[in-house]
Amino acid sequence: MLPAVSETTQKYLIYWLGAICTLAIYTILYRENRLYRLFEHFYIGLAVGFGLYINFKEVIYDVWWKAMMTESSGSIFAFDTPPHLPGIVLERDDKKEGKGCWKWDVGQAAEIRLREIVKEWGTPNYLKLWAKADRPVSGGRLTLIGTVAVPENGQRGTFSISFPMETDRWRLIRLELRAFDIRGSPFRPFEKIGKRNQLGEVTDLRLRANEALVQADATIFLDDLNHNIGYRWWWVFSGLFGLMFYTLFIPRLAWMSRLAMAIPLGLGSGYTFKAFVLELGPQIDASLKPLYGDIPLLRIVNNAIFLIVLLSVMTYFFFSIEHRHSAIRSPAQFGRWMLMVTFGIVFGNTVMGRFSLFISRADFLIREMQVPWDLPEWSRLLIVGHLLAAFLVLAYLSVLYERRKATVGGTEA
Amino acid sequence: MWGRWGVYLLVALAITLPMVLPVRIRMVPTPPVRSFFRMVEQIPKGKALMIAADFDTGTEGENGPQVEAVLEHAMSRKIPILIMGTAIQGPELVQSYAEDLAKKYDYRYGRDFVNLGYLPGGQPVLEKLGRSIWQTKPTDYQGKPLSQLPMMRRVRTAKDIALVAEFTGAGVLPWYIQTFWAQFRVPLAQGCTGIIGPEQFPYLDSGQLSGLMTGLTGAAQYEHLIKAPKRAYRRMIPQNFAHITVIVLIVLANIRLFAERARRLRGR
């Protein structure tokens, strides 16, 4: 366990580590040297380590492993707090989960409303509820009734399901969502993946005891109501499929890697076709610009320049006909000049980008310097200059060392 | 040898001296940056801004100030912000900017902004995200269920997002165009590095992009529009001096080249 450090110490550590790494990497300006290589390895190690961690934690563990190994549950109601409802008390001893359970005397209240429930259930496939009666009741049944509001369209709906409550032993009751009696429109209109649309916000949840339970004056124990997606064990196949990529390293099984590669290839081909329609289509459409009509003169000139350049560049790339005739050769040459101008713009932007990156490091080194004293920026620049000089000397010494080693090695050989 | 070191020295001086001297420059926002600003300004109440952090530390020098400027604008307007990224380091970087700005604008994680983290899988995942955020990424970047983050009750699909602001140094814009723009009709704006800037203009011309910020200069222009000159503006001063130095060096080198050529021709 690393010791806790103050925020100020953290700032100093972050700055000076960053400054040392930056200056060491900039020694490449002199030439390839050991100091540069050492810090380059630090960078590569950090980037790979971070990538591995994020991929493992946020993707493999959170998305894939948890989906297979857990039911992806969420609590709806814990039955852990005093109910403040007639006929119900909080039972702390005979419970299944958490701090307690509810003991519901159905003789006093045949129906109870659960307050402060979790409204958002995500995409559950089933609900789970711990329940038992104080004694066996033949024909005893409970009904769970929910009211759902859909904020997107203001519609409402209800769902209900009836289940047996005959035993006096704790039982984890599983209520499949597909078995619910659904009325109205409790599903969101747009949010849909797979077969079912997503459930709206559950605004009200009630439990109702049937006549048999009321007449028997039974007491019902209730604990932890959860929504669950369920174990998605079949996701293991996606993992196995992914591992097929690695069979590339086993010559006997290498054919399996080609099977795995076929899927992304197929997907890519499909998406390329889609891109032609959705991405290039609007661009082709936008290229057909008007040259006359009720538009400003400047716009007409702009459109004309655009069309001339477009047609010239397209002519340059038209290789089916030899560029001999002046009707083809001249626009093609003009198109080539326009391409050169574009490449110039791209190169200029590249230079600008590289300067920006260098300036961001220089700005970090000089203006964000963490020192215990209030230093003017001139002094900061001098400190950075001296540090850079020191690093360059180190780089020079490392090059000298390598040269001497090579000379000695050569002499010995 | 000395020629190369001479250029290094001149550029280093052109960059570092304006950092310590009291120099100011005037910013003039270009129409694509103004359009980006307008898109954020027009986000209706209740709808979210999605920040797609598709960049890594390698281009943080350009993309970082762009995201910061847009975050500051969105926070000043109390717009819910959803952060995600198809690059591994991007969402973590944007989270740090958002946390710094949150103190100033009283933004609270979970209530006003949420970070979904890294989303691998490219275009198919974005398509799924547009249909249902909850089903595509049921937890945030720390593994916390979305049901525990109040903002996510209102932000569930592409319909709840008013603008996707994508920041990148790579060519992943077509993924967003084919999904968010074409399928879900959500406007797109982009902050890109200078290198890929010219490639993005056809998208702007066709209306597939509603705004564009190119490189550090785009970020500085955006900071000017939100009247909060910070990192980007500060860094544009040495950038301008560096450009002037390079232009002068190119002109001088060409004069020398032409002079040498003329001398050679005279010698024949």
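Student: At what angle do the axes of helix H1 (residues 7-26) and helix H2 (residues 34-69) of chain A cross?

Tutor: Keep in mind that this is a predicted model. Two packed helices are described by the angle between their axes and the distance between the axes. Here, the axes of H1(A) and H2(A) cross at roughly 130 degrees and come within 8 Å. H1(A) and H2(A) are therefore oblique to each other, and their crossing is left-handed.

Student: Which residues of H1(A) and H2(A) meet?

Tutor: From H1(A) come A:Cys21, A:Ala24 and A:Ile25; they meet A:Leu35, A:Tyr36, A:Phe39, A:Glu40 and A:Phe42 in H2(A). By type, that contact has seven nonpolar residues, one charged and no polar.

Student: Now chain B. In what order do the strands of the open sheet lie?

Tutor: Generally, strands of a sheet pair through backbone hydrogen bonds, either parallel or antiparallel. In chain B, the six strands follow the order E3-E2-E1-E4-E5-E6, with parallel pairing. At the edges sit E3 (113-118) and E6 (211-214), each pairing on one side only.

Student: How many bridges join E5(B) to E6(B)?

Tutor: Four, and the two strands run parallel. B:Cys192, for instance, has B:Thr214 in E6(B) as its bridge partner.

Student: Which strands does helix H9 (residues 215-225) of chain B touch?

Tutor: H9 of chain B packs on the sheet against E5 and E6, with its direction at about 120 degrees to that of E6(B).

Student: And how many residues of chain B are in contact with chain A?

Tutor: 51 residues of chain B, in contact with 47 of chain A. The largest share of chain B's side, six residues, comes from helix H10 (residues 231-267).

Methods: Residues are numbered from 1 along each chain as its sequence is written. Chains are lettered from A and ligands numbered from 1 in the order in which they are written. This is a predicted model: local features need pLDDT of at least 70, side-chain atom pairs count only at pLDDT 80 or more; totals for chains, interfaces and linings use all residues. Two residues are in contact if their C-beta atoms, placed from the backbone, lie within 7 Å. Axes are lines fitted to C-alpha atoms, for helices over the stretch in contact, and angles run from 0 to 180 degrees between N-to-C directions. Angles under 35 degrees count as roughly parallel, over 145 as roughly antiparallel, 65 to 115 as roughly perpendicular and the rest as oblique. A crossing is left-handed if the near helix is turned anticlockwise from the far one by less than a right angle, and right-handed if clockwise. Ala, Val, Leu, Ile, Met, Phe, Trp, Tyr, Cys and Pro count as nonpolar, Asp, Glu, Lys and Arg as charged, and the others, Gly among them, as polar. Two strands pair if DSSP finds at least two bridges between them.
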